[in-house]
Amino acid sequence: MKLSNRVLSALLLISSILLAATTEMGFADKICKPQSQHFTGVCLSNFSCAINCQLFEEFENGQCEFDGVFRRCLCSKPCSIPS
């Protein structure tokens, strides 16, 4: 038994809506990494950086990364979705 063109069109429309919805949810997967405002000096310990970001700057995590020549403490959290 063949499906009619209307049923196929409806299925195609529903699948494209679902695909669009899951694609928009991908924005929450992006991570923002601003430099820590409280951590001073060269960042040598990911643990110290993470504790600083969590306690003093209300971020989820922190990690030492190279910023040019020096290692800086970068705090991280999911980016907010632009409205």
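The legends below accompany close-up views of a predicted model.

**View 1. Overall layout of the chain in the predicted model.** The chain holds two helices and three strands, and from the N terminus on these elements follow one another as α-β-α-β-β. Of the 83 residues in the chain, buried ones make up 17%. The accessible surface comes to about 6800 Å², and carbon and sulfur atoms account for 62% of that area. Among contacts in the chain with a separation of 6 or more, 44% join residues that lie 24 or more positions apart.

**View 2. The open sheet and the helix that packs on it.** Three strands in the order β1-β3-β2 form an open sheet with antiparallel pairing. The edge strands, each pairing on one side only, are β1 (31-32) and β2 (61-67). Between β2 and β3 the antiparallel pairing extends over seven bridges, and the bridge partner of Phe 66 is Arg 71 in β3. Helix α2 packs on the sheet, where it touches β2 and β3, and its direction makes an angle of about 125° with that of β2.

**View 3. The largest nonpolar core.** Seven residues make up this core, namely Cys 43, Cys 49, Cys 53, Phe 59, Cys 64, Cys 73 and Cys 75. At least two of the core residues come from α2 (46-56), and at least two come from β3 (70-78). In soluble globular proteins, nonpolar side chains tend to be buried together. When neighbours within four places in sequence are left aside, Cys 43 is in contact with Cys 49, Cys 64, Arg 71, Arg 72 and Cys 73.

**View 4. Surroundings of Cys 32 in strand β1.** With a relative accessible area of 30%, Cys 32 is partly exposed, because that value falls between the 20% limit for buried residues and the 50% limit for exposed ones. Not counting residues up to four places away in sequence, Cys 32 touches Cys 75, Ser 76, Lys 77 and Cys 79. Cys 79 lies 47 residues from Cys 32 along the chain, yet the C-alpha atoms of these two residues are separated by 5.2 Å.

**View 5. Surroundings of Ser 76 in strand β3.** The relative accessible area of Ser 76 is 14%, which is under 20%, and the residue therefore counts as buried. Apart from residues up to four places away in sequence, Ser 76 touches Ile 31, Cys 32 and Lys 33, as well as Phe 59, Glu 60, Asn 61 and Gly 62. Among these contacts, Cys 32 has its place in strand β1, and Phe 59 is one of the residues of the largest nonpolar core.

Key
Residues are numbered from 1 along each chain as its sequence is written. This is a predicted model: local features need pLDDT of at least 70, side-chain atom pairs count only at pLDDT 80 or more; totals for chains, interfaces and linings use all residues. Side-chain values use heavy atoms; hydrogens and water are left out. A nonpolar core is a set of buried Ala, Val, Leu, Ile, Met, Phe, Trp, Tyr and Cys residues joined through side-chain atoms within 4.5 Å. Buried means under 20% relative accessible area, exposed over 50%, partly exposed in between (1.4 Å probe, protein chains only). Helices (H or I, at least four residues) and strands (E, at least two) are DSSP runs, numbered from the N terminus. Contact means heavy atoms within 4.5 Å. Two strands pair if DSSP finds at least two bridges between them. Axes are lines fitted to C-alpha atoms, for helices over the stretch in contact, and angles run from 0 to 180 degrees between N-to-C directions. Accessible areas come from the Shrake-Rupley method with a 1.4 Å probe; for residues, only the protein chains shown count as cover.
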